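Got the viewer open and a hand on the mouse? Here is a short tour, one selection at a time.

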Amino acid sequence: MNRRNSSRQNYQCVPESAERIILNVGGIKYETYRSTLTAYPSTLLGTMFQERNRALLHPVNGNEYFIDRDGKLFRYILQFYRRNKIVWPEPGSDYVSREELEEEFDYFQIPISYFSNDSNELPTQPVKISPITKIVSKKLDDFISVLQHSIIEVCATLSETNLQRFSAILTLTFAHENLISNGYFLLDQYGEEIGKHLHKNIPEVTWELNHKIYGPTEKFYDIILNINYQFNRDDVLINSSLNFKE
């Protein structure tokens, strides 16, 4: 064996984006990758560790950087970079107030105002969407709108005879060979997500999706929609023209 060639195989070129760095925050050290931080270029650390700013940094021991902030709170900052979400501490666990954390997020330029109650996730760099993908997305939205409109039409008919309560079971079938509506394909790909979306928008409706296969080409999706409405005086009032402030 050629010892020279063998020794060369031990050397690997590590991309700068994969470079490990140590963050000394108030005396507590955290280790992470440069790329973990630069994935969010609009934040303080994401900007700080961009390659163009390397000359402005003054590391200790080659890869250690001191940050004069609260080291215990920084673990929540780093969780954001690693998990793409803000993880708020459980009440009573090594007590940290939300006010303290919000101050740290503000310092590190992590815009918590972007986070909604339903999702703590903050998108990374914008992704350029193909015009063709937008067309297909529009088809999916149109399909969902048709389903929702069908439900509303059934409810409108039922409400003509009884405003207090009504229930119904609506079954819609989509065949594999029906290439006009693409309903079968969309249900095959997004059935679970569509069901959750409809239930969120129309809580009185529960969704059941059944896949039936009778042969290589005889495939069907049955959507079973259970509609159960119970009159709620306050909800009706809030959504009516009677809901006004004096």
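Start by selecting Thr 43: its relative accessibility is 0%, so it counts as buried, the cut-off being under 20%. Keep in mind as you click around that this is a predicted model. Thr 43 is in the loop between α2 (34-38) and α3 (44-48). Now show side chains and add Tyr 81: the side chains of Thr 43 and Tyr 81 make a polar contact at 2.7 Å. Which other residues touch Thr 43, once you skip those within four places in sequence? Besides Tyr 81, you should find Phe 108, Gln 109 and Ile 110.

Next, switch to cartoon and pick out the sheet. This is an open sheet of 3 strands in the order β2-β1-β3, and its pairing is mixed. On the edges sit β2 (28-33) and β3 (64-67), each pairing on one side only. From one strand to the next, the twist averages 25 degrees.

Take the two pairings in turn. Select β1 (residues 20-25) with β3: these run parallel and share 4 bridges. If you want a pair to zoom in on, Leu 23 has Tyr 65 in β3 as its bridge partner. While you are here, bring up helix α4 (residues 71-83), which packs on the sheet and touches β1 and β2. The direction of α4 makes about 10 degrees with that of β2.

For the other pairing, select β1 and β2, which are antiparallel over 6 bridges. Here Asn 24 stands opposite Lys 29 in β2. The two strands β1 and β2 form a hairpin with 2 residues between them. Click Gly 26 in that turn and check its phi: it is positive, about 60 degrees.

Now for the greasy parts. In soluble globular proteins, nonpolar side chains tend to be buried together. The largest nonpolar core here has 24 residues. Which ones have the most contacts inside it? Select Leu 23, Leu 37, Leu 45, Phe 49, Phe 74 and Tyr 81. The elements giving two or more residues to this core are β1, β3, α4 and α5 (98-107), and α4 supplies the largest share, with 7 residues.

Leu 37 is worth a click of its own. Leaving out residues up to four places away in sequence, Leu 37 touches Ile 21, Leu 23, Thr 32, Leu 45, Gly 46, Phe 49, Leu 78 and Tyr 81. Then move on to a second, separate core of 20 residues, including Phe 143, Ile 144, Leu 186 and Ile 227.

Further along the chain, select Leu 172, which is in strand β4 (residues 165-175). Draw a distance from its C-alpha to that of Tyr 221: the two residues are 49 apart along the chain, and those atoms are separated by 8.2 Å. Beyond its neighbours within four places, Leu 172 is in contact with Leu 147, Tyr 221, Asp 222, Ile 223 and Leu 225.

Last stop: color by pLDDT. The chain has a mean of 80, and 81% of its residues reach 70 or more. Where does pLDDT stay under 50? One place is residues 1-17, where the model has 6 contacts beyond four places in sequence. Another stretch below 50 is residues 116-127, which has 20 contacts beyond near neighbours in sequence.

Conventions: Residues are numbered from 1 along each chain as its sequence is written. Side-chain values use heavy atoms; hydrogens and water are left out. Buried means under 20% relative accessible area, exposed over 50%, partly exposed in between (1.4 Å probe, protein chains only). A polar contact is a pair of N or O atoms within 3.5 Å; within protein, one must be able to donate a hydrogen and the other to accept it, and residues adjacent in sequence count only if both atoms are side-chain atoms. Contact means heavy atoms within 4.5 Å. Two strands pair if DSSP finds at least two bridges between them. Axes are lines fitted to C-alpha atoms, for helices over the stretch in contact, and angles run from 0 to 180 degrees between N-to-C directions. A nonpolar core is a set of buried Ala, Val, Leu, Ile, Met, Phe, Trp, Tyr and Cys residues joined through side-chain atoms within 4.5 Å. pLDDT is the predictor's confidence in each residue, from 0 to 100.
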